[in-house]
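Reader: Could you take me through one part of this model in detail? I would love a close look at a ligand site and what surrounds it.

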Amino acid sequence: MVSKPPAGDPVQDAPRVGPPQHAAAGLPAVGHTLRMAQEQMGPLRTARTLLKVNQKDGFDCPGCAWPEGEKRHVAEFCENGAKAVAEEATLRRVTPAFFAAHPVAELASRSGYWLGQQGRITEPVYLPEGGDRYEPVTWERAFAIIAEELRALGSPDEALFYTSGRTSNEAAFLLQLFAREFGTNNLPDCSNMCHESSGSALTETLGVGKGSVSLEDLHRADLIIVAGQNPGTNHPRMLSALEKAKAAGARIISVNPLPEAGLERFKNPQTPQGMLKGAALTDLFLQIRIGGDQALFRLLNRLVLETPGAVDEAFVREYTHGFEEFAAAAREADWEETLTATGLTRAEIGKALEMVLASKRTIVCWAMGLTQHKHAVPTIREVVNLLLLRGAVGRPGAGVCPVRGHSNVQGDRTMGIFERPAPAFLDALDKEFGIVSPRRHGFDVVRSIQALRDGEAKVFFAMGGNFVGASPDTEVTEAAMRNARLTVHVSTKLNRSHAVTGRRALILPTLGRTDKDVQRSGRQVVTVEDSMGLVHASRGNLPPASPHLLSEPAIVARMARAVLGAESATPWEEFEADYGAIRDRIARVVPGFEDFNARLAAHPGGFALPHAPRDERRFPTATGKANFTAAPVEYPRVPEGRLLLQTLRSHDQYNTTIYGLDDRYRGIKGGRRVVLVHPEDAAALGLADGAYADLVSEWTDGVERRAPGFRVVHYPTARGCAAAYYPETNVLVPLEATADVSNTPASKSVIVRLEESAPA
Ligand SMILES: Nc1nc2c(c(=O)[nH]1)N[C@H]1C(S)=C(S)[C@@H](COP(=O)(O)OP(=O)(O)OC[C@H]3O[C@@H](n4cnc5c(=O)[nH]c(N)nc54)[C@H](O)[C@@H]3O)O[C@H]1N2
Ligand SMILES: Nc1nc2c(c(=O)[nH]1)N[C@H]1C(S)=C(S)[C@@H](COP(=O)(O)OP(=O)(O)OC[C@H]3O[C@@H](n4cnc5c(=O)[nH]c(N)nc54)[C@H](O)[C@@H]3O)O[C@H]1N2
Ligand SMILES: [Mo]
């Protein structure tokens, strides 16, 4: 399978390469932000939107899920948040005339960058069976088409309802309610490709699948380990928290195969000193081999166990379970094996141990560098083992901090977007609405693709996102999608998923975070939950991109009425008219949301959801205690002459939304088809800096997956490792290459060979 760059793309992908930078943010970031924002929004709208980001009376930034904190700056956004806002609040428009001029086959030949640059979609459009282009359709007809296809299914489980993580709590709650009334738990979401491994590991060990720290805790920690995360690009506001923690005496260990500029030094654009000099952040950089983290944490655990007085014995006795079995496994940790797995030296690991032992309040932060591996779940469990040994859970300044991606991905899960819902959640839902939710588990993302491929699923509905672009094994996923009878996308902007469709397809354009949402009862707010379990309101203030848009809750409510008809006793119309009525129901179904509307009014800055381990050192696990776990140590074995490829984000993208072709901190400009390789590995493979190569992944099924024409960049990554951007490299990630337990695509460990070639 070969995935060529789209042929119809007028944008030249011609990367120019300079040296990587050693600091993030600062003056260049400010100029860059304003230029990008004004290109999309013009000066007036730029001022109107950017001053409302993350303010108490404004909208939640559609960028990342990092929390806002109590004291807010006038400009509480970062460079990449501003790009996310500009991308949504753009003045460019995709109208029915656009669709008349561009057949679907032509859209499929365009790059994701080009598609996204066309602007906001203004009207619902329909691709009839056998049609070659989308045509305008009324909302009524669109919902009738969905109802017709859903009602024709042999079983409700032949329908899939995907959610991306920008969807508000209110819309998410309605969507899962609709799916369950309809009769299925097929609610795959972007989380399946993202922090599912964190959720799996934390639920099993601590009893709650979410992070256990607040922003305050971060400020108070004395050691912060940042493993497998690039906050300078993906969570820039986190750098302010790290800076503050450092100023209060914290130390930072970065564990990463790449030296990421944002973790080296931060030039805070909100302080004058910060702009000039900046603060060094990382005290110890562990340049780990991809996939070596479980081995590293296992050895650290052994060394802690062997240090007299280092284990918090009172905590272990009172609050934990499974210590003996874990300790026996940890004592087996082998130095030589760890050095091989990690590529680190004894001295580096010794230094890390010293810092761990010197710390009373340790927090471990992580993101995709830990979650997207075959052994991601045991890796995160091993991180938990370390914190448990040190009694560093449920204590101020200490705990687990999985840093979420999409701005409401955590909230969507809290609202019940989950293919394996807890029975207690379904019981509460059934009681409130007088329905009988199915108890069979539904399909996650990977299972959904397999179901479409195998003809087990026939209708695909997406509340946001870019399923085709974000999923692994692009060719397989695209073929699966083309098998569907109907594909429906609720979207703000065009992407690849609109060009690779089922037999019939609908695009339903919707309001974004920045748009003002007015319904029958008046102006509406929605709510979101950030990465630290804080729930707060979001209020758009711009006139909507077009008068024909419906909000996400309105779309679900109308779809539900069209599909379920008189069979449903749920007051869908009332929900559409007044989102407060949805929140009243959430308050009665979802624990922690009691008096939702009243608390929202009383706490404009947001309120915290309860978290038993954090608040009361109570661990609602199967054993009633925090569980130590012991799994065999795993790490990827890479055959001679091959490299281990991670697929990651550049500085100018938001997942599959490409803002531009630069990756400033890594020194890349004007192109995305680059592969970063250690100079000595490149030399051994005979690849000069500037050479071009095809990336060919090797997997047990013997199928050749090839991404052609990548410029080789000699780069200081860990030995034996390589890095290239997602989604161009998703073609290389086999559908079946997933994490054990969580089934998350292992998109950070793909074995590849590089074959010298020419620009694609
Ligand atoms: N501007 C912007 N912001 C975003 C996003 C975006 O695309 N753009 N995406 C959002 C989403 S949905 C998410 S999930 C987050 C993603 O946030 P990140 O997880 O920071 O995103 P990635 O670019 O995938 O970076 C993974 C990091 O892990 C490192 N890494 C890779 N493999 C390993 C490993 O085996 N071990 C260790 N220790 N490190 C490893 C990589 O070098 C890289 O620094 O960001 C969110 N915020
Ligand atoms: N190889 C590889 N693959 C990966 C990853 C990786 O690191 N490597 N990361 C994975 C991760 S962490 C994630 S989270 C997924 C992301 O997967 P998705 O969430 O599915 O993808 P996005 O690119 O974030 O979706 C962008 C689209 O969302 C729509 N959109 C934007 N805002 C709104 C809104 O407010 N409402 C609605 N209805 N639509 C909106 C727009 O049409 C836009 O084109 O990708 C995963 N895929
Ligand atoms: Mo994500």
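Author: Happy to! A word on terms to begin with: the domain bounds used here come from an automatic or database domain assignment. Please also keep in mind that this is a predicted model.

Let's settle on ligand 1. Domain 3 (196–403 + 623–627) and domain 4 (643–757) both give residues to the shell around ligand 1, so the ligand lies between these two domains. There are 31 residues around ligand 1, and N256, E260, G291, Q653 and N655 come nearest. Sorted by class, that shell has 16 polar, 11 nonpolar and 4 charged residues.

Several elements of secondary structure take part. The helices α10 (231–234) and α19 (368–371) each supply at least two residues of the shell around ligand 1, and so does each of the strands β25 (643–648) and β26 (653–654).

Now for the atoms themselves. Two of the nearest residues, G291 and Q653, reach ligand 1 through their backbones: a polar backbone atom of G291 is 2.7 Å from an oxygen atom of the ligand, and a polar backbone atom of Q653 is 2.7 Å from a nitrogen atom of ligand 1. H373 uses its side chain, where an N or O atom is 2.9 Å from an oxygen atom of ligand 1. As for how enclosed the ligand is, ligand 1 on its own has 920 Å² of accessible area, and the protein covers 99% of that.

Definitions and conventions: Residues numbered from 1 in each chain as written. Chains lettered and ligands numbered in written order. Predicted model: local features only at pLDDT ≥ 70, side-chain atom pairs only at ≥ 80, totals over all residues. Heavy atoms only, no water. Near = heavy atom within 4 Å. Polar contact = N/O pair within 3.5 Å; in protein donor to acceptor, adjacent residues only side chain to side chain. Areas by Shrake-Rupley, 256 points an atom, 1.4 Å probe, with all protein chains shown as cover. Helix = DSSP H or I, 4+ residues; strand = E, 2+ residues; numbered from the N terminus. Nonpolar A, V, L, I, M, F, W, Y, C, P; charged D, E, K, R; others polar.
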